[in-house]
Structures are given as C-alpha cells and as structure tokens.
Amino acid sequence: MSSLYSRSKDLSSRSRKSLSDSPPSSPSPSTKTFRQDRVSRSDSSGVESPSDRLSARTGTYTRRENRLASLSKTDDNSASKDYKKLYEDALAENEKLKSRLDDSKLELTKIRSQLDRVAQKQDRLSERSTVFESEKREKEALEKKVSDMEEELKVLTELKSDNQRLKDENGALIRVISKLSK
C-alpha cells in the first residue's frame, strides 16, 4: 500500500512539474476551460477524486506530448534542413570533383596522345637516322665507285689515245714497208 501511495505521489509531482513546464504564454481555450473546471471541482469538494486525477494526468501527458512533438517537428525540420543542406553540399562537391576528374582524364588523354606523337616522331627520326646512315654509307660507296670509274675512264681514254697512236704508227710503218718493198 505504501508503494501505491509513493507512486501516486510521484505521478502527482510529475504532473505538477509538467504543468510548470508547459508554456504560460498562450494556452489554448480548451486547456483554459479544462483547468478552470479542475480548479472549481477541487475547490468545491476539497478532495480530488481518482478520476479527476487521472484525467488531469492524461491531459498533462497529452499536452506534454503535443509540446514535445511540436518541438521535435521543429528540430526535425531544422535537422532535415541541415541534412538536406549537407546532402546538397556533398552533391555539389561530388559534382565538382567529378568534373575535375573528367578534366584530368581529358588532359591525361591529350598528354598521352602528345607523348605517342613525340614517340612516333622519335621513332621516325631514329628510322630516318638509320636510313640516313645507310643512305650515307650507300652514297659513300657510290662516290667511291664513281671515283673508281672516273679513274678507269681516264685510263681508258689514255688507252684509247695510245691505241690510236699505235694505229697511226702501224699505218705509217705499213706505208714505209710497202714503199720499201716496191
């Protein structure tokens, strides 16, 4: 029985605290009439009935729940706005990063293509240099052949001139011999 008494005492003190917690600024008209009815009943009889206490407690709890719900709604609204803002900020940051990544990828492909072109030019240059070296060797060989042929041509012209001279001498000798033989 003492435990029941202590519980009811705790509940009544809680209901008093919750009444003091409620905002005094502008209670609703139904709340005003409810309080007036309760006060008038308690004043007339001097003792509250259990049903009055129960209705007072439920009224207090509903008011408190309504107040907490409205507070949580504003908290939810501000929190959802904050989360929404954070989400939008994160999305914007992600978009910026994606665009930077795309730009970097494009720049990387450009640089790679330039690198490939330079490598191809170097390959061509190295091919050209090897071709140039081989052409240079061929040119030197051809120049050597030309100089050899020029020397041979000089020898040939000398031989032709010697041959012509010998023919002329031979002809002269033949004439002299023919004159002598007559």
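A residue is termed buried when its relative accessible area is under 20%, exposed when that area is over 50%, and partly exposed in between, as computed with a 1.4 Å probe and with protein chains only. The structure is a predicted model, in which local features need pLDDT of at least 70 and side-chain atom pairs count only at pLDDT 80 or more, whereas totals for chains, interfaces and linings use all residues. Residues are numbered from 1 along each chain as its sequence is written, and side-chain values use heavy atoms, with hydrogens and water left out.

The chain contains 3 helices and 0 strands, and its elements follow the pattern α-α-α when read along the sequence; helices (H or I, at least four residues) and strands (E, at least two) are taken as DSSP runs and numbered from the N terminus. Helix α3 spans residues 50-180. Of the 182 residues in the chain, 6% are buried. The accessible surface of the chain, obtained by the Shrake-Rupley method with a 1.4 Å probe, comes to about 16,100 Å², and carbon and sulfur atoms account for 57% of this surface.

Salt bridges were assigned where a side-chain nitrogen of Lys or Arg lies within 4 Å of a carboxyl oxygen of Asp or Glu, and by this rule the count comes to 3. One of them joins the side chains of Lys85 and Asp89, with an N to O distance of 3.7 Å. Both of these residues lie in helix α3, where they are 4 residues apart, about one turn of the helix. Asp89 has a relative accessible area of 40% and is therefore classed as partly exposed.

Arg165 takes part in a salt bridge with Asp162 at 3.4 Å, N to O, and in another with Glu169 at 3.3 Å, N to O. Arg165 and Asp162 are 3 residues apart in helix α3, about one turn of the helix, while Glu169 and Arg165, being 4 residues apart in helix α3, are likewise separated by about one helical turn. Asp162, Arg165 and Glu169 are thus linked in a network of salt bridges. Each member of this network is partly exposed, with relative accessible areas of 32% for Asp162, 41% for Arg165 and 39% for Glu169.

Charged surface patches were also identified, built from residues with over 30% relative accessible area and no salt bridge, with like charges joined within 9 Å. For this purpose Lys and Arg count as positive and Asp and Glu as negative, while His and the chain ends are not counted; the place of a charge is taken as NZ of Lys, CZ of Arg, CG of Asp or CD of Glu. A patch of positive charge is formed on the surface by Arg117, Lys121, Arg124 and Arg128. Arg128 belongs to helix α3 and, with a relative accessible area of 54%, is exposed. A negative surface patch comprises Asp148, Glu150, Glu151 and Glu152. Within this patch, Glu150 also lies in helix α3, but its relative accessible area of 48% makes Glu150 partly exposed.

How values were computed:
Patch = residues over 30% accessible without salt bridge, like charges linked within 9 Å, V, L, I, M, F, W, Y side chains within 5 Å.
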